Amino acid sequence: MAYASGYFKTDYAMELRLIETRWQKVSAAVLVLALGVFPLISPQVAIGIANQVFIAIVGAAALMLLTGYAGQISLGHAGLLAAGALTTGVLFKELGATFWVTLPASAVVGGLLGLVFGLPSLRLKGLYLAITTLALHFVVAFVGGEYETRRGFSTGILISPPAIGGFALQEQQHWYYVLLAIAVAAMLFCINLLRTRTGRALMAIRDHDIVAESLGIPVRRYKLLIFVVSSTMTSVAGCLLAYYRGFVSIEAFSLYLTIDYVAMVIIGGLGSMLGAVLGALFVITFPYVIEGLLRVLPIPAGIANEMFAINYAAFGLVMILFLVFEPLGLVGIWRRVRNYFLLWPYRQTAVGGGGG
Amino acid sequence: MQTVANIAVLVAIYALIGSGYVLIYRVSRVLNLAQGELMMLVAYLLFSLATLFGGHPASALAGAVLLSLLVGLVLYVVLMRRMTGELVIAAVLVTIALGILLRGLMVLVWTGQMARPLEKLGWQNSPLALGHGVALSSVAVTTIFVAIAIYVGLFVFFRYTAWGVRMRAVGENPLLAAQRGIKLHVAYAMAWALATFSGGCAGMLLALDSGLDGTMAIIGLKAFPVVLVGGLDSLRGAIVGALIVASAEVLAIQLIDPLVSDVVPFVVLIAMLAVRPWGLFGTEEDIQRV
Amino acid sequence: MAEASDDRPLLQLAGVHLHFGGLVVLNGISLDLQRGELLALIGPNGAGKTSVLNCISLLYRPTQGRIVFEGEDLAGLSPHGVARRGIARTFQLGGLFPHLTVLQNLLVGRHAHFSSNVVLDGVFWGRARANEIAQRAAAEEIIEFFELERHRGELVSKLPFGVQKIVGFARALAMEPRLLLLDEPSAGLNREAREDLSRFILRIKHEKGIGMIWVEHDMQMVADLADRIYVMDYGAHIADGEPRQILADPRVVEIYLGSKGN
Amino acid sequence: MIKRSQLMLAAVLGAFVSTTLAADSYVLGLTGDLTGRDAANSGAVADGIRIYFERVNRTGGINGHKVEVLVRDNQSEPSRAATDAQTFVNNEDLLLMITASLSSTYAPTISESKRKGVPVLFAGGVCPREVFPPKPDPLLFCTSGYAAETDVKFAVDYIQSVQKNATLGLISMAIPISRGSIDQAAEYAKSKGMKVIGHESAPPPTANYTPYATKLKEGGADWVLSWAPWVTQVKTFEALRQLGWKGNFISYGHNVAEEELKRIKDPGFLVFTTNGMFSDGQPVHKDVLATAEGKTKFPITYLNEGWVAAMTLEAALKKAGWPVNRAKLASAMDGLSVDLRGLRGGPITWTKTNHYREQLYYRVYGWDAAGNRIKTLKDWTSREVK
């Protein structure tokens with residue numbers, strides 16, 4: 001993917017670099033700088049949105065691995081997020097556990113649940129798998145709800161901010177850097193996974209599971225593996241969400257949350273990690289943008305309440321438009337725009353997009 | 001005895017909602033997760049028509065029925081037609097998104113408040129004593145009869161009418177059906193219209209019995225385990241599924257703990273998915289196809 | 001690759017039956033394949049040739065009979081276990097992963113030769129990185145062998161069908177098998193591509209000493225290349241032996257003429 | 001393309017700017033269930049507050065400054081409420097958050113308010129435990145009518161005062177707060193020597209309430225008590241009547257109760273409430289009617305709860321003066337007493353030890369079939385809040 005002429009690869013190790021050309025180095029540096037400076041110059045609200053985006057990126061990347069790359073459709077994402085958050089809440093409330101205990105514990109619980117959520121994938125595909133994971137979501141929600149009610153935490157569990165070496169993580173700015181680091185780490189993990197053996201095996205299973213099997217890939221083991229990996233990541237995202245929000249409540253993990261995440265990977269563009277990032281960014285910021293638009297437009301105060309119904313309907317509409325008119329998602333648009341500028345001033349139809 | 005009557009009513013409701021899922025799935029292999037919103041929409045349309053023609057309840061009802069068919073048709077032509085040939089899951093997501101859109105629009109148009117179409121029609125939902133100490137509301141009794149009528153109608157339609165047979169053929173093998181000159185889009189559009197109609201009937205009857213608000217969409221989702229237990233592509237399955245789920249639910253309320261009733265359908269569903277994922281009357285190869 | 005020195009056959013099928021419901025697909029197929037032998041499997045459409053391959057790679061489980069590879073009964077294995085024992089195959093329609101590049105497809109073929117795990121892959125550390133570089137070099141040899149250099153980075157779905165078939169062949173060879181199952185590799189290829197294909201098959205036989213079962217319709221190619229021919233019809237064995245002798249066999253001629261007459 | 005992105009940018013900036021430019025007015029933030037399943041309650045509270053402050057602003061504001069209420073919708077979903085609360089507390093000018101939605105949204109709101117020391121007023125829905133005596137949270141205040149435990153005890157006492165040996169049936173919605181309160185009602189009624197025939201709990205979306213009603217009827221209940229969202233209460237009652245049940249049903253009077261009594265017209269359907277109904281015809285009721293006419297999509301009788309909250313807030317802001325900050329407002333709210341002029345049975349009084357109120361006043365309303373109007377079955381009865 002060399003953009004400039006005069007860049008030559010001299011061994012296979014060079015091909016494994018993520019950032020190759022000078023142009024890429026420059027743009028990466030600009031991106032790092034922009035991300036680093038952002039919380040220093042932005043209002044609190046914007047930093048808060050960014051923080052939500054970072055957590056969503058972790059969850060969306062996990063779902064992208066599972067659905068976009070391994071082809072396993074899951075509607076249990078909210079249940080897995082809930083599992084992580086709930087593990088955190090329970091350990092905090094019952095044992096007073098710290099962040100260093102709850103985070104790994106959430107990961108373990110997520111992994112185990114991933115095994116349970118993944119078992120149906122050995123027999124079922126597509127729609128039926130989606131429905132089974134949906135059913136499992138309801139089981140998690142029921143267990144969580146019963147726990148909260150029976151223990152008298154019916155309006156949710158309040159959680160103290162995580163303390164890292166006596167420093168409590170409370171300010172949006174501080175959260176920003178922590179969550180940014182985690183989101184970047186999650187992305188790197190996924191990108192690495194996808195450019196190595198595991199990732200190729202997953203994509204092989206997605207494209208042609210019988211062929212993959214006859215090439216020596218233990219398909220069943222890989223299906224379970226990716227469910228476990230994805231669920232662990234999701235559960236960790238749930239743990240982060242619990243700390244970031246400062247509360248855990250099973251009602252926060254409704255089916256709509258699953259739909260949000262599915263929307264992220266679809267709108268972003270299935271089969272692309274960049275898509276997971278763009279999707280998370282889009283879905284999280286969308287309501288704020290619509291709200292901002294409606295606020296700029298002259299709307300009589302009397303129908304202020306309708307604004308939210310408009311927001312809600314608009315989300316549905318945008319999702320429909322993406323599914324119908326841009327099945328490649330935001331990544332598809334991004335590639336077209338990029339190719340346009342790469343080839344400018346020559347007019348040419350888009351070349352096949354290999355990257356992402 | 002009252003328990004039996006209660007089960008019968010719930011079976012009728014679930015079977016009606018379920019028929020909406022089955023009709024679309026059977027013909028076009030798309031799972032319509034906007035079913036709850038569609039039945040809610042039809043119920044609201046009835047409410048508006050009832051407000052308009054308060055004095056003519058029959059014309060309001062007839063209007064709502066016609067509109068339900070039209071809504072299904074328009075939805076297919078404008079939206080779902082574009083999803084033919086796309087990934088199944090993409091089509092399902094479109095229906096989810098459609099549900100979100102519809103719900104937002106309905107709040108905009110009708111607000112979130114409880115609407116009571118029965119009053120607007122000028123009717124009374126008086127209790128009917130059915131003997132042996134059994135009583136049901138008149139709308140509940142009507143629901144049972146409507147469910148029977150619609151199911152009989154659908155069976156006759158699919159077995160004996162030319163278009164019914166064609167729609168079945170499309171469901172079984174669209175390629176072959178198209179080669180035989182059956183217009184796929186017409187069959188799909190009819191499936192959507194019929195599904196909106198029968199689901200809409202459930203919505204209207206529920207609204208007539210106990211009013212109409214935003215929660216109706218969720219009731220649509222509650223009937224979802226029903227069709228999965230019965231088999232997504234079988235009308236007979238929808239009846240049996242409704243029977244199983246409704247009985248389990250009512251008996252759980254009656255004998256165990258009302259709190260369990262909410263989970264029971266999903267427990268039944270998970271058991272079914274573990275043993276026979278394609279449902280009692282579903283076709284097995286569907287699993288490979290999707 | 002350990003060269004076993006025993007003179008047992010590489011692969012042995014003994015009385016293999018395959019039934020689907022009431023349908024008899026294979027009816028008592030028995031055959032032996034020696035190391036480095038090129039066995040052509042011929043017969044009219046529906047004779048059950050591909051089913052034989054599917055039984056060997058365990059995509060179908062034989063209803064009855066034994067399949068022994070290098071002295072090991074395959075019955076207890078899974079399909080991926082069979083592949084790891086050294087049996088590779090190609091597919092009639094290519095069976096490629098359309099969203100992967102040629103290089104990635106070959107690397108999937110080398111899956112079993114990696115020794116990393118998911119965690120190492122994720123952090124791209126140590127063995128994972130070393131593996132990627134080493135396997136990349138191995139894949140590059142295959143690319144060179146099949147003269148696929150200029151297609152290396154292309155998505156396979158964008159390649160012409162003929163090239164796709166070669167990539168499928170290359171992917172199977174990338175597995176470093178001792179037995180190669182070829183399912184109509186020449187179908188859909190033009191003459192020039194068929195000549196390339198013949199060259200590859202011969203080079204594999206002579207340079208790598210891999211045993212091959214080759215399902216083929218092109219009788220000219222079969223006559224030119226095969227060591228031995230095995231003829232099937234209606235799931236049963238008709239004849240086997242030297243190409244010259246088999247192609248002259250009246251029963252074989254009748255099957256082919258008869259099937260053409262239909 | 002460029003145009004659209006510019007518009008987008010303008011919109012986003014606009015959103016930020018509009019929340020930061022309002023520094024010369026009192027800025028309050030309301031997060032409520034405006035389109036979710038509690039919209040009829042919460043939406044009306046939000047409308048009441050909005051309409052009240054519109055009038056305040058027209059007539060010169062408070063201490064010469066206008067009141068700006070930023071409104072956000074949370075659909076009673078905790079994650080949306082968390083986002084709303086976060087947006088509010090990060091708005092430097094915002095003085096106080098108002099919440100009007102189901103209790104599921106309280107935890108995130110409280111959690112955010114603590115981070116930045118923003119006082120919270122619970123203006124609709126149940127009051128959280130943290131506002132009750134003896135040690136209320138210094139930042140949390142509540143004006144809403146509900147009081148869960150005290151409510152159901154009053155109702156049980158009322159039933160017993162009407163019928164000594166009633167057999168009591170109980171129905172809740174399967175949400176924690178409702179289930180918990182009805183459990184308490186069961187315990188309390190048993191301790192009072194009543195016969196209690198179980199506790200039914202219907203999930204939020206229920207297609208048919210008849211199975212629950214059947215169980216209550218067959219259990220032989222002659223009184224049924226419900227403390228739940230309105231749908232569960234009224235649909236269970238209607239299902240009971242469909243079964244031919246002849247007993248009395250008493251349920252908590254949410255702000256929809258007045259319209260519902262007029263609709264149902266059943267002498268056996270009673271509501272107990274802390275809010276006076278508009279049928280009382282107090283001057284304040286006429287004032288609300290005149291002010292809100294044509295400004296809300298809800299029946300005006302729904303607005304009482306919002307009006308109470310707005311009257312209280314007005315008093316608090318007046319007391320806090322100008323300039324004001326979050327801490328100053330919170331301390332002004334400690335030790336505030338607001339005369340509600342007949343919207344409730346008595347004033348709202350907050351002290352350092354009580355951010356709820358010291359006395360609760362209940363009334364029981366029912367339907368007078370002969371007079372075809374709402375009638376008061378039991379006049380204001382006060383209960384000590386402990």
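Domain 1 and domain 2 of chain D bury about 1,200 Å² between them in this predicted model, and carbon and sulfur atoms give 59% of that area. Three residues stand out here: Y146(D), T301(D) and Y302(D) supply 40% of the area that domain 1 of chain D buries against domain 2 of chain D, more than any other three residues.

If you would like to find the two domains in the chain, domain 1 of chain D covers 6–146 + 281–355, and domain 2 of chain D covers 148–273 + 362–384. Their C-alpha centres lie 30 Å apart. On the domain 1 side, α2 (39–58) and α11 (304–320) of chain D each supply at least two residues, with α2(D) giving the most, four residues. By class, that side has seven nonpolar, six polar and three charged residues.

Now to the meeting of two chains, A and D. Here is how the two interfaces look in numbers.

| Interface | Residues in contact | Buried area | Salt bridges | Polar contacts |
|---|---|---|---|---|
| Domain 1(D) and domain 2(D) | 16 residues and 13 residues | about 1,200 Å² | zero salt bridges | four residue pairs |
| Chain A and chain D | 42 residues and 44 residues | about 3,600 Å² | one salt bridge | seven residue pairs |

Which side chains form the salt bridge? E146(A) meets R179(D), at 3.3 Å from N to O. Several helices of chain A supply at least two residues each to the side that touches chain D, among them α3 (44–69), α6 (126–150) and α13 (306–325). The largest share, seven residues, comes from α12(A). The side of chain A that touches chain D has 18 nonpolar, 16 polar and eight charged residues.

Note on methods. Residues numbered from 1 in each chain as written. Chains lettered and ligands numbered in written order. Predicted model: local features only at pLDDT ≥ 70, side-chain atom pairs only at ≥ 80, totals over all residues. Heavy atoms only, no water. Contact = heavy atoms within 4.5 Å. Buried area = accessible area lost by both parts, 1.4 Å probe. Polar contact = N/O pair within 3.5 Å; in protein donor to acceptor, adjacent residues only side chain to side chain. Nonpolar A, V, L, I, M, F, W, Y, C, P; charged D, E, K, R; others polar. Domains from an automatic or database assignment.
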